[in-house]
Amino acid sequence: MTTLLIHRARCIATQDDANTELNDASLLLRDGRIERIIPAEENIDELLKQVDEVIDARRHVVVPGLINTHHHMVQSLTRAVPQVQNAELFSWLKGLYPIWAGLTPEMVLVSNQVAMAELLLSGCTTSSDHLYIYPNGVRLDDSIEAAHTIGMRFTATRGSMSVGESQGGLPPDRVVEKEAFILKETQRLIETYHDASFGAMTHVAVAPCSPFSVSQDLMREAAKLARAHKVRLHTHLAENDHDIAYTKEKFNCTPAQYAEDLGWVGHDVWHAHCVKLDDEGTYLFARTRTGIAHCPCSNMRLASGILPLRKMLDAGVPMGLGVDGSASNDAAHLLNEARQAMLLARVGRALDDFGCDHGPAEMTPRDALRLATRGGAEVLGRAHELGQIKPGYCADIAMFRTDTLSMAGGAVHDPVGALLLCASDNADYVVVNGRVVVRKGEIATVDMGPLIERHNQLALQLALGGR
């Protein structure tokens, strides 16, 4: 049993049902769980002598660990590649598929640790990842090993592509897999790694890539496999206009109809993007509790469009945030993603309504923080254990300093609001499962210097091999 006391926080934003925020309160974490929230007036002098570690939080705003619901971590090797800097989704993919065909197991392991380190420093404690390309002996095991090494709570999704260019798909034939192998490998990963127990560090989900890279048969069989093993389903859907046109041409339906026909709606499903989901699809998702991973920075970077966030939330669609692939965002700072979601929702409504007066109230700082915490927990099926600072919940905590340059003049008025309105700082401390993985703004579990150096070497090697 290990104990950690977060002592006298400037503010604790619990994200509970009442949106409780406490000043000068303390948190007692024991053996990976939140044991107590201790109010300011309670004397804890004796407790201070008994715990294993005390973190002085008088200059910190404390929030539940942020939750990332969509990523392609391996893409951190291909950030800012010149030939696709100004491309939209389909041409962006076609420019990068030949490069990603050179991926190796070491590249996956190293890039995933780099991506996870960046997420952890942003206050993110739980992340999913969607690895859908497996050349040269790459396996999802490499991603899972990275998460174990760095100490991140992880939902590993076994992505796949099975329809190449010769069959009318988008990816080159050399990077697709046989569907029988995809299903067999996915089952192996679930049986080897998925842990359904409370507070598990590793989940596995089933994740054929997209309508333009897999068959309808694979989608149906993947859904059956997932439900037989009681794991979640994930894919891309309705990301941009070309995505919509492809689905209509190939399947003669809308993306929402495509998902429903194939059994890809329900409380155990979440889709990435859904920027172009129509009204019928929105209400289908709300009625069936089908989740969405909203990726505002990627949607802006690729000019995919503006998701009608407030409309979907008001309709009752479960919604989390995702940083998406590092090559379509070029960053993985989840706190900044929440800030961008807030800002994009405001300007999106103003544009839709031609300057209506609803824009600024469309998404508040606390709404955005809730998306990054409780929203993500619901989308990943972990609302009963993550996303809140609440006794019995997992001890996943992010702590941000309130006395930094970026927070100057903001935190004195509203430390929680300033967290989303001011420039996005890195976290000072991050705790995952009761373990300190970021300490005083530095990753505490791996030596980042050599890791970044090796990552850059591999990035150059990968790019050169794709020419």
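Which residues are buried in helix α9 (residues 279–288)? Select α9 to begin: Gly 281, Thr 282, Leu 284, Phe 285 and Ala 286 are buried there. Buried means under 20% relative accessible area, exposed means over 50%, and partly exposed lies in between, with a 1.4 Å probe and protein chains only. Helices (H or I, at least four residues) and strands (E, at least two) are DSSP runs, numbered from the N terminus.

This is a predicted model, in which local features need pLDDT of at least 70 and side-chain atom pairs count only at pLDDT 80 or more, while totals for chains, interfaces and linings use all residues. Residues are numbered from 1 along each chain as its sequence is written, and side-chain values use heavy atoms, with hydrogens and water left out.

**Around α9**

Keep α9 selected and add β12 (233–237), α8 (255–261), β13 (269–273), β14 (291–294) and α11 (309–315); the buried residues of α9 pack against these elements. Contact here means heavy atoms within 4.5 Å. Next, step to Arg 289, just after α9, which takes a positive phi of about 60 degrees.

**Two aspartates with positive phi**

Move to the loop between β15 (319–321) and α12 (326–329), where Asp 324 is placed. Its phi is near 60 degrees, a positive value in a residue other than glycine. Asp 324 has a relative accessible area of 3% and is therefore buried.

Then select Asp 330, in the loop between α12 and α13 (334–352). Asp 330 is also not a glycine, and its phi is positive, near 65 degrees. With a relative accessible area of 24%, Asp 330 is partly exposed.

**Salt bridges**

The structure holds 28 salt bridges. A salt bridge is a side-chain nitrogen of Lys or Arg within 4 Å of a carboxyl oxygen of Asp or Glu. Side chains of opposite charge can pair when their charged atoms come close.

Select Glu 21 and Arg 366, which form a salt bridge with the closest N and O atoms 2.7 Å apart. Glu 21 is in strand β3 (residues 21–22) and Arg 366 in helix α14 (residues 365–379), so the pair links distant parts of the chain, 345 residues apart. Glu 21 is partly exposed at 30% relative accessible area, and Arg 366 is partly exposed at 30% relative accessibility.

For a pair within one helix, select Glu 46 and Lys 49, whose side chains meet in a salt bridge (3.3 Å, N to O). Both lie in helix α1 (residues 45–50), three residues apart, about one turn of the helix. Lys 49 is exposed, with a relative accessible area of 64%.

Now select Asp 403 and Arg 59, a salt bridge of 3.8 Å, N to O. Asp 403 is in the loop between β16 (397–401) and α15 (415–421), and Arg 59 is in the loop between β6 (53–56) and β7 (60–64), 344 residues apart. Asp 403 counts as partly exposed at 40% relative accessibility, and Arg 59 is partly exposed at 46%. Add Arg 401 and Asp 428 to the selection: with Arg 59 and Asp 403 they are linked in a network of salt bridges.

**Last stop: α3 and α16**

Select helix α3 (residues 105–121) and helix α16 (residues 448–465), whose axes come within 9 Å and cross at roughly 130 degrees. Among the residues making the contact are Met 107 and Val 110 of α3 and Leu 451 and Leu 458 of α16.

Definitions and conventions:
Axes are lines fitted to C-alpha atoms, for helices over the stretch in contact, and angles run from 0 to 180 degrees between N-to-C directions.
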